[in-house]
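Please work through the following exercises with the sequence and the model side by side. Each task is followed by a solution that goes step by step.

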Amino acid sequence: MPDGTGPPLPPGRRLQLPGRGTTFIREMEGPPGAPTLVLLHGLGVSADLNWFRCYDALGRRYRVIAMDHRGHGRGIRSSRPFRLADCADDVAAVADALGIDQFIPVGYSMGGPITQLVWKRHPDRVAGLVLCATSRSFTPRRASDRLLLTSLLGLSAAARVTPPQIRGQVMSRVLRGRLQSTPLGRWAAREVQRGDQAAILQAAWAVGSFDSRRWITDVDAPAAVVVTVHDQLVPAWRQLKLATAIPGATVHRVMADHGACVLAAQVFVPGLLDACASVSQRLPSTARS
């Protein structure tokens, strides 16, 4: 980071996607001939905040692209309602812009549905899949949770008409109570504040409405599922059902909660590396290079 208050990060740049908008990516070249991973982050955060503890380990083994999703971080800004399908198409557009034929999407939490949709909408581009702390569906079981889910669209509409400076002030108050007053905490707060709160509320509704159970069994690419065993947001049983539904998917258990990618990186990163290795070892030689 230029001001020295954040973690070391790979080179990043803005990338124009014709007909879609401008997003932000980070790139690591990796070893010659290594498979390409495209890292897809979770709800409400940026690619950096989701993956900063993973960049170095992944970059030593793979070519790595990390992108901000629309409405998040420095991702595409659009007046259209947030759709996970648009995020999946953005991933394919990033690959087009970078001249990447096939890649392995690596999705964390919300990035999991996006990864699944990348395969569904662009199957010829997906060499394999890695799914972390995610599920086939997130439909709440309790009536109160379902009511909260349906209210998110109304909240997003209200956020759209709230002046940006007021939205920023409200977000700052929330973050001050949740993040420690450390350089890393302040950097994390800035990363969260980059997002469009209205789009993020729409994204939460989109994730809650996602359901791939009718078609996820058709996945024919090598897959691995990283299960966060103590997850209180996406229960482990949901993650295991996803793994069971995908033919041949391997399971890589991490003894941590949903924030494992940041708060328990010492156990998450080895599990992620095992999952990526499991997929890359099953790729045809043409996809591997």
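The exercises treat the sheet, then the salt bridges, then the aromatic rings.

This is a predicted model, in which local features need pLDDT of at least 70 and side-chain atom pairs count only at pLDDT 80 or more, while totals for chains, interfaces and linings use all residues. Residues are numbered from 1 along each chain as its sequence is written, and side-chain values use heavy atoms, with hydrogens and water left out.

**Exercise 1. Determine the strand order of the open sheet, and state which strands stand at the edges.**

Step 1. Helices and strands are taken as DSSP runs numbered from the N terminus (H or I with at least four residues for a helix, E with at least two for a strand), and two strands pair if DSSP finds at least two bridges between them. The open sheet consists of eight strands in the order β1-β2-β4-β3-β5-β6-β7-β8, with mixed pairing.

Step 2. The edges are occupied by β1 and β8, each of which has a single partner strand, so one side of each is left without a neighbour in the sheet. On average, neighbouring strands of this sheet are turned by 25 degrees against each other, direction ignored (the axes being lines fitted to C-alpha atoms, for helices over the stretch in contact, with angles from 0 to 180 degrees between N-to-C directions).

Step 3. At the β1 end, β1 and β2 run antiparallel and are joined by six bridges, with Arg 14 opposite Phe 24 in β2. The two strands form a hairpin with three residues between them, and Gly 19 in the turn has a positive phi of about 75 degrees. Further into the order, β2 is joined to strand β4 (residues 63-67) by four bridges, again in an antiparallel arrangement, and here Arg 26 stands opposite Ala 66 in β4.

**Exercise 2. In which sense do β7 and β8 pair, parallel or antiparallel, and what is the hand of the crossover between them?**

Step 1. Strand β7 (residues 223-228) pairs with strand β8 (residues 250-254) in the parallel sense, over five bridges. One bridge can be located from Ala 224, whose partner in β8 is Thr 250.

Step 2. Between β7 and β8 the chain passes through helix α9 (residues 236-245), and this β-α-β crossover is right-handed, a term that applies if, with the strands pointing away from the viewer, the path from the first strand over the helix to the second runs clockwise.

**Exercise 3. Find the salt-bridge partners of Arg 20 and Asp 48, and describe the surroundings of each pair.**

Step 1. With a salt bridge taken as a side-chain nitrogen of Lys or Arg within 4 Å of a carboxyl oxygen of Asp or Glu, a search of the whole structure finds twelve.

Step 2. Arg 20 forms a salt bridge with Asp 90, the closest N and O atoms being 2.6 Å apart. The pair links distant parts of the chain, since Arg 20 lies in the loop between β1 (12-17) and β2 (21-28) and Asp 90 in helix α3 (residues 84-98), 70 residues apart. Arg 20 is partly exposed at 27% relative accessibility, whereas Asp 90 is buried with a relative accessible area of 2% (buried means under 20%, exposed over 50%, and partly exposed in between, with a 1.4 Å probe and protein chains only). Arg 20 and Asp 90 are also linked with Arg 70 in a network of salt bridges.

Step 3. Asp 48 forms a salt bridge with Arg 26, with 2.7 Å between the closest N and O atoms. Asp 48 in helix α1 and Arg 26 in strand β2 are 22 residues apart, and both residues are buried.

**Exercise 4. Which ring forms an aromatic pair with Phe 52, and what is the geometry of the pair?**

Step 1. Rings of Phe, Tyr and Trp (its six-membered ring) pair if their centres lie within 6.5 Å, and planes under 30 degrees apart count as stacked, over 60 as edge-to-face and the rest as tilted. The whole structure holds five aromatic pairs.

Step 2. Phe 52 pairs edge-to-face with Trp 187, at 5.1 Å centre to centre and with 75 degrees between the planes. Phe 52 belongs to the loop between α1 (47-51) and α2 (55-59) and Trp 187 to helix α7 (residues 183-193), 135 residues apart. Phe 52 is buried at 11% relative accessible area, and Trp 187 is buried at 0%.
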